[in-house]
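Reader: I have a sequence and a model open on the bench computer. Can we go through them by question and answer?

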Amino acid sequence: MAHQCGCGGAHNEGELGVQYNLYEKIDIENVECLNECEEASGATVFKPWEKRLDKNKYVESDVDNELLFNIPFTGNIKLKGLIVIGGEDDFHPNKVKLYKNRPHMTFDNTAVEPEQEFELCVDTHGVHEYSPKVVKFSSVHHLSLHFTGTERSEKIKIYYIGLKGEWSPGHQHGVTICTYELRPMVSDHKQNDHEDIDRAIS
C-alpha cells in the first residue's frame, strides 16, 4: 500500500516494513534519552514496524523542546535509513542531528558538527525515509540523535524512530574473551608453584 507523507512523496509501506528491523540490534537496556519527561520512555519509541502507529508509547521532552538519544548497538551497523513519527502540531520535532560513535553525549556536546542533519517533515504514517550518507555511517556501534523543535514549540514528542541498515558482530567481544581466558591461566601457574614448594619442603 502506498501512502502520502507531508513531504509530498508516495511510499510503499510493505517494502519498508521488511527493512526497518534494526531495533532488534539495539542494546535497549542501555539506551539513554536526555530530557525525557518520563523516565525510560525514550527507549519505547524503538519498536516493531507494525507497532509504529501505536500512540500509547511515546517520549515527550521535559523542560524544553529538545531530546537527545544515545543508542548503543549489539554490534556494528551500516545505517541506510531513518523514519520518524513525531507529535501533533507544535509537538512535532523540526530537525534531527546524527552523531556517530560518541557514547554518552550530553546537550553540551551538541554544538559539535554532526555527521549529518535532516529537516523533518510531518509523517503521520511513518513511511518517509531520510537517507544517511552510507560512507559516514558504515561502521556505527553507537548512534546519537539530537531532536529539536521550532521556536514556537515549548515541548516535542516522538512516537516512533525506525532504523534501516545492515548489522555485523562487533569485535570488542573477542578481546573480552581473550582477557577472561588469560586470567585463570596465570592463577593456575601460581597455584602450581605453591604446590611444588610444598612438595619440596615435605
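Reader: How many bridges join strand β3 to β5, and in which sense do they run, parallel or antiparallel?

Author: This is a predicted model, in which local features need pLDDT of at least 70 and side-chain atom pairs count only at pLDDT 80 or more, while totals for chains, interfaces and linings use all residues. Residues are numbered from 1 along each chain as its sequence is written, and side-chain values use heavy atoms, with hydrogens and water left out. Strands are DSSP runs of E, at least two residues, numbered from the N terminus, and two of them pair if DSSP finds at least two bridges between them. For β3 (residues 32-34) and β5, C33 stands opposite F69, the sense is antiparallel, and the count is 3 bridges.

Reader: How many bridges does β5 have with β9?

Author: β5 also pairs with β8 (residues 140-148), antiparallel over 8 bridges, with L67 facing F147. With β9 (residues 157-169) the sense is again antiparallel, and K78 stands opposite E166. The count for β5 and β9 is 11 bridges.

Reader: Is S61 buried or exposed?

Author: S61 sits in the loop between β4 (59-60) and β5 (66-86). A polar atom of its side chain lies 2.6 Å from the backbone oxygen of D64, and one lies 2.9 Å from the backbone nitrogen of I156. Buried means under 20% relative accessible area, exposed over 50%, and partly exposed in between (1.4 Å probe, protein chains only). Because its relative accessibility is 0%, S61 counts as buried.

Reader: Why does the salt bridge between K55 and E88 tie together separate parts of the sequence, and how many residues apart are they?

Author: A salt bridge is a side-chain nitrogen of Lys or Arg within 4 Å of a carboxyl oxygen of Asp or Glu; the K55 and E88 side chains meet at 3.9 Å, N to O. K55 lies in the loop between β3 and β4 and E88 in the loop between β5 and β6 (95-100), so the pair ties together parts whose separation in sequence is 33 residues.

Reader: Which residue forms a salt bridge with E129?

Author: E129 is partly exposed, at 27% relative accessible area, and its partner is buried, at 15%. The closest N and O atoms are 2.8 Å apart. The pair links the loop between β7 and β8 to strand β9, 35 residues apart, and the partner of E129 is K164.

Methods: Helices (H or I, at least four residues) and strands (E, at least two) are DSSP runs, numbered from the N terminus. A polar contact is a pair of N or O atoms within 3.5 Å; within protein, one must be able to donate a hydrogen and the other to accept it, and residues adjacent in sequence count only if both atoms are side-chain atoms.
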